[in-house]
Amino acid sequence: MTDCIFCRIVQGQAPARILYQDEDVTAFHDIHPGSPVHILIVPNRHIVGAAQVEPEDEAVLGKLFTVARLVAEEFGVAEWYRLVVNNGRSAGQSVDHLHMHLLGGRRFHWPPG
């Protein structure tokens with residue numbers, strides 16, 4: 001989708017500080033970090049959000065978690081980090097492309113707010 005900023009990042013058509021990329025998944029720094037470590041992990045194929053996930057997406061969803069572990073290790077937060085997936089505007093999803101936030105480097109509280 002040409003109007004999706006995350007699709008453009010995946011395709012190399014928009015700037016991002018990419019940390020990881022393969023044929024399925026891309027991970028890059030969030031431009032408005034909410035913690036010292038704030039990485040976005042996205043499927044390369046456009047999926048609007050969690051509510052649009054289909055059975056054929058199961059493999060790439062699992063890969064999001066594998067990449068999250070690798071990135072957490074790279075940033076030294078592998079023992080203590082939070083993963084967040086928002087679905088819909090009211091839940092805080094600001095880009096209509098499924099993405100996982102990896103947050104680390106500070107103490108988190110529950111409930112998250």
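## Exercises on burial, pairing and packing

With a relative accessibility of 6%, F6 counts as buried, where buried means under 20% relative accessible area, exposed means over 50% and partly exposed lies in between (1.4 Å probe, protein chains only). The model is predicted, so that local features need pLDDT of at least 70 and side-chain atom pairs count only at pLDDT 80 or more, whereas totals for chains, interfaces and linings use all residues. Residues are numbered from 1 along each chain as its sequence is written, and side-chain values use heavy atoms, with hydrogens and water left out.

**Exercise 1.** Classify the aromatic pair of the structure and locate its two rings.

*Solution.* A pair of aromatic rings is described by the distance of the centres and the angle of the planes. Rings of Phe, Tyr and Trp (its six-membered ring) pair if their centres lie within 6.5 Å, and planes under 30 degrees apart count as stacked, over 60 as edge-to-face and the rest as tilted. The structure holds 1 such pair. The ring centres of F6 and F28 are 5.4 Å apart and the planes stand at 70°, so the pair is edge-to-face. The pair links distant parts of the chain, since F6 belongs to helix α1 (residues 5-10) and F28 to strand β2, 22 residues apart; helices (H or I, at least four residues) and strands (E, at least two) are DSSP runs, numbered from the N terminus. F28 is buried as well, at a relative accessible area of 2%.

**Exercise 2.** Determine how strand β3 (residues 37-43) is enclosed and which strands pair with it.

*Solution.* First, 7 of the 7 residues of β3 are buried, so the strand is largely enclosed by the rest of the structure. Next, both faces are covered, with V37, I39, I41 and P43 buried on one side and H38, L40 and V42 on the other. Finally, two strands pair if DSSP finds at least two bridges between them: β2 (residues 25-29) pairs with β3 in the antiparallel sense over 5 bridges, with H29 opposite I39, and β5 (residues 100-104) also pairs with β3 in the antiparallel sense over 5 bridges, where G104 is the bridge partner of V37.

**Exercise 3.** Describe the largest nonpolar core, that is, a set of buried Ala, Val, Leu, Ile, Met, Phe, Trp, Tyr and Cys residues joined through side-chain atoms within 4.5 Å.

*Solution.* Of its 14 residues, V25, A27, I39, I41, V67, V71 and L102 touch the most other members. Two or more residues come from each of β2, β3, α2 (58-74) and β5, and α2 gives the most, with 6 residues. Apart from this core lies another, of 10 residues, among them F6, C7, V10 and L40.
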